[in-house]
Amino acid sequence: MRADLHCHSTASDGTLAPGEVIRQARAAGLDVIALTDHDTVAGHREAREALPPGLTLLPGMELSCRLDGHSVHLLAYLFDPADPELMAEGEAIRHGRENRARAMVDRLRDLGAPVTWEQVSAIADGGVVGRPHIARALAAAGVVSSPDEAFGPEWIAPGGRAHVTRYALDPVRAITLVRAAGGVSVLAHPRGSIRAWMIPAEVIARLAAAGLTGIEVNHPDQDHTQREFLARLARSLGLVGTGGSDDHGELTGYRIGCETVGSGEYERLVSQATGAAAVTGS
């Protein structure tokens, strides 16, 4: 069994529509694909409708959190999508994302970058607006050679000239909300992205004590040493060790299925959820 438990679509900052994510997952030979767009479940319906026989969709989302001034991402799965508190927080985060994006565009224009809100909004095309959309607009305008280059101190990295902070959840509150909605939560790429905080073990232990269900061990940005460390930590804390491609379509090289988790950890994860069920195509 191969389950990719971390993937994005055009409902947030991926470049593939939810239905195309499903088709790519089938082409990659996956048994399970999780759709985990940032702070939204807007792509779930299209993904379900595109499911071919035998492929399972694990509904989820990636919640934006902040701890001690650092960005923390929490993958949430199988929660009740009608839970009022969780959905209200998702709406607040999305609203904060848009306000932040507008402010960053204003700063970029003050810095001489020919980028407009209309361009960024068109790239997002109705999805949750994020920094990757701004990065793509900067690349399209020729300000940077690639979207990756935009995530530097010259432009939109934390502390960068055009960076603006936004509303995000405390991760303990996020874990509590997900659990109250019947879902399970997994700490995303805790030692992964070069732009992210390397989350200390003692912080992960605190989150585990608050009800965290798992840690993302297999991730493209985490090397062998980091994976071994995280796997040992997960075992010591009684957490599920998961994995996923964190695919964003063109932005990450269409890598759905490059990182997966097997049946044992997958079943441990889903068995602890009561809010919703995975859906298998028929």
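## D68, its hairpin and other local features

D68 is exposed, with a relative accessible area of 60% (exposed means over 50%, buried under 20% and partly exposed in between, using a 1.4 Å probe and protein chains only). The model is predicted, so local features need pLDDT of at least 70 and side-chain atom pairs count only at pLDDT 80 or more, while totals for chains, interfaces and linings use all residues. Numbering starts from 1 along each chain as its sequence is written, and side-chain values use heavy atoms, with hydrogens and water left out. Here is a friendly tour, topic by topic.

**Strand β3 and its partners**

- Strand β3 covers residues 56-67 and has 11 of its 12 residues buried, so the rest of the structure largely encloses this strand (strands are DSSP runs of E with at least two residues, helices are runs of H or I with at least four, and both are numbered from the N terminus).
- Strand β2 (residues 32-35) runs parallel to β3, and 4 bridges join the two (strands pair if DSSP finds at least two bridges between them).
- In the pairing with β3, L35 stands opposite P59.
- Strand β8 (residues 279-280) is antiparallel to β3 and is joined to β3 by 2 bridges.
- L57 has V279 in β8 as its bridge partner.
- With strand β4 (residues 70-77), β3 pairs in the antiparallel sense over 8 bridges.
- One of the residue pairs joining β3 to β4 is E62 with L75, and L67 stands opposite H70 in β4.

**Strand β4 and the β3-β4 hairpin**

- Strand β4 is mostly covered, with 6 of its 8 residues buried.
- Strand β5 (residues 184-187) pairs with β4 in the antiparallel sense, over 4 bridges.
- L75 stands opposite V186 in β5, and L75 is also the bridge partner of E62.
- A hairpin is formed by β3 and β4, with 2 residues between the strands; D68 sits in the turn.

**Positive phi values**

- Which residue in the turn of the β3-β4 hairpin has a positive phi? This residue is D68, with a phi of about 55 degrees.
- L78 also shows a positive phi, near 55 degrees, in a residue other than glycine.
- The loop between β4 and α3 (84-110) holds L78, and D68 is found in the loop between β3 and β4.
- Is L78 buried or exposed? L78 counts as buried, at 3% relative accessibility, whereas D68 is exposed at 60%.

**Helices α4 and α5**

- The axes of helix α4 (residues 117-124) and helix α5 (residues 131-140) come within 9 Å and cross at roughly 115 degrees (axes are lines fitted to C-alpha atoms, for helices over the stretch in contact, and angles run from 0 to 180 degrees between N-to-C directions).
- The crossing of α4 and α5 is right-handed (the near helix is turned clockwise from the far one by less than a right angle; anticlockwise would be left-handed).
- On the α4 side the meeting residues are V120, I123 and A124, and on the α5 side they are H133, I134, R136 and A137 (contact means heavy atoms within 4.5 Å).
- By class, the contact of α4 with α5 has 5 nonpolar, 1 polar and 1 charged residues (Ala, Val, Leu, Ile, Met, Phe, Trp, Tyr, Cys and Pro count as nonpolar, Asp, Glu, Lys and Arg as charged, and the others, Gly among them, as polar).

**A157 in its loop**

- A157 lies in the loop between α6 (147-150) and α7 (171-180) and counts as buried, at 9% relative accessibility.
- Leaving out residues up to four places away in sequence, A157 touches R131, A150, F151, G152 and H163.
- A157 and V120 are 37 residues apart along the chain, and their C-alpha atoms are separated by 17 Å.

**Cysteines**

- How many disulfides does the structure hold? The structure holds 0 disulfides (a disulfide is a pair of cysteine sulfur atoms within 2.5 Å).
- C65 is in no disulfide, and its nearest cysteine sulfur, that of C7, is 20 Å away.
- C65 is buried, with a relative accessible area of 2%.
- C258 is likewise in no disulfide, with the sulfur of C7 as the nearest cysteine sulfur at 9.7 Å.
- C258 counts as partly exposed, at 40% relative accessibility.
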